[in-house]
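Biologist: I've got the model open and I'd like to know where some of the labels come from. Can we go through them?

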Amino acid sequence: MTLIKCPVGHWFDSARYPTCPECAGTTLTIDRAATCQTPFAADDDNTVTRPLYVSPGGEVTCSLEDDRDGRTVGAWSFENFDPVVGWLVCMDGSERGRDYRLYTGRNSIGRSAENQVRIVDDATVSAVQHAFIVYEPNNNEFFLSPGRSLQTTLNGRPLERLQSVRLTDGDRIALGRSQFIFMAFCKGEIKW
């Protein structure tokens, strides 16, 4: 196992994944020779030479350390940043103990990198769009819908094709051989 840290801060096994699986689709490249302008205290001309991170959309960001007094000064932004609204936690299956972040809108679940939620080690989960969890921010509600597989259950009941069911905190979802608990962050008065 060769663990490395991506520019966003996720640790992953580089022998198993060519890019960070948590950042799927938003992998950053690093330009270590570039110059970063910052509004924070830096050199006299307000320019420091530090690693720059360039998103696929071309946005340039940087992380800076002020070496003079040991303080860390950060300048980081993500174009189209989408805060977490909930989680799936694997309770039983090949990825037991792992959590998966859910975001606003439609979160597809499957094995491949095309999905927002990747269940890599369960071959009984469809590669693409096994199921979907949708967060609707206007009503602060979550919904579960089956995708290309009929092996999706909610609290022990199978979902039928084209059926969409409202999720509540603590619901148990089975996808293939894996069992998950749904946990909402956005609920009640809490929402972005």
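Modeller: Sure, let's start with Arg 98, which counts as partly exposed at 26% relative accessibility. This is a predicted model, where local features need pLDDT of at least 70 and side-chain atom pairs pLDDT 80 or more, while totals for chains, interfaces and linings use all residues. Residues are numbered from 1 along each chain as its sequence is written, and side-chain values use heavy atoms, without hydrogens or water.

Biologist: Why is Arg 98 called partly exposed?

Modeller: Buried means under 20% relative accessible area and exposed over 50%, with partly exposed in between (1.4 Å probe, protein chains only). Arg 98 has 26%, so partly exposed it is.

Biologist: And Glu 95, buried or exposed?

Modeller: Buried, because its 7% is under the 20% cut-off.

Biologist: What makes Glu 95 and Arg 98 a salt bridge?

Modeller: The term asks for a side-chain nitrogen of Lys or Arg within 4 Å of a carboxyl oxygen of Asp or Glu. Here the closest N and O atoms are 3.3 Å apart, so the pair qualifies.

Biologist: How many salt bridges turn up in the whole structure?

Modeller: The search finds 3. Another one of them joins Glu 141 and Arg 166, at 2.7 Å from N to O. Glu 141 is in strand β14 and Arg 166 in strand β17, so the bridge ties together parts 25 residues apart in sequence (strands are DSSP E runs of at least two residues, numbered from the N terminus).

Biologist: Why does Glu 141 count as buried?

Modeller: Its relative accessible area is 19%, which is under 20%, so the label holds. Its partner Arg 166, at 49%, counts as partly exposed.

Technical notes:
Helices (H or I, at least four residues) and strands (E, at least two) are DSSP runs, numbered from the N terminus.
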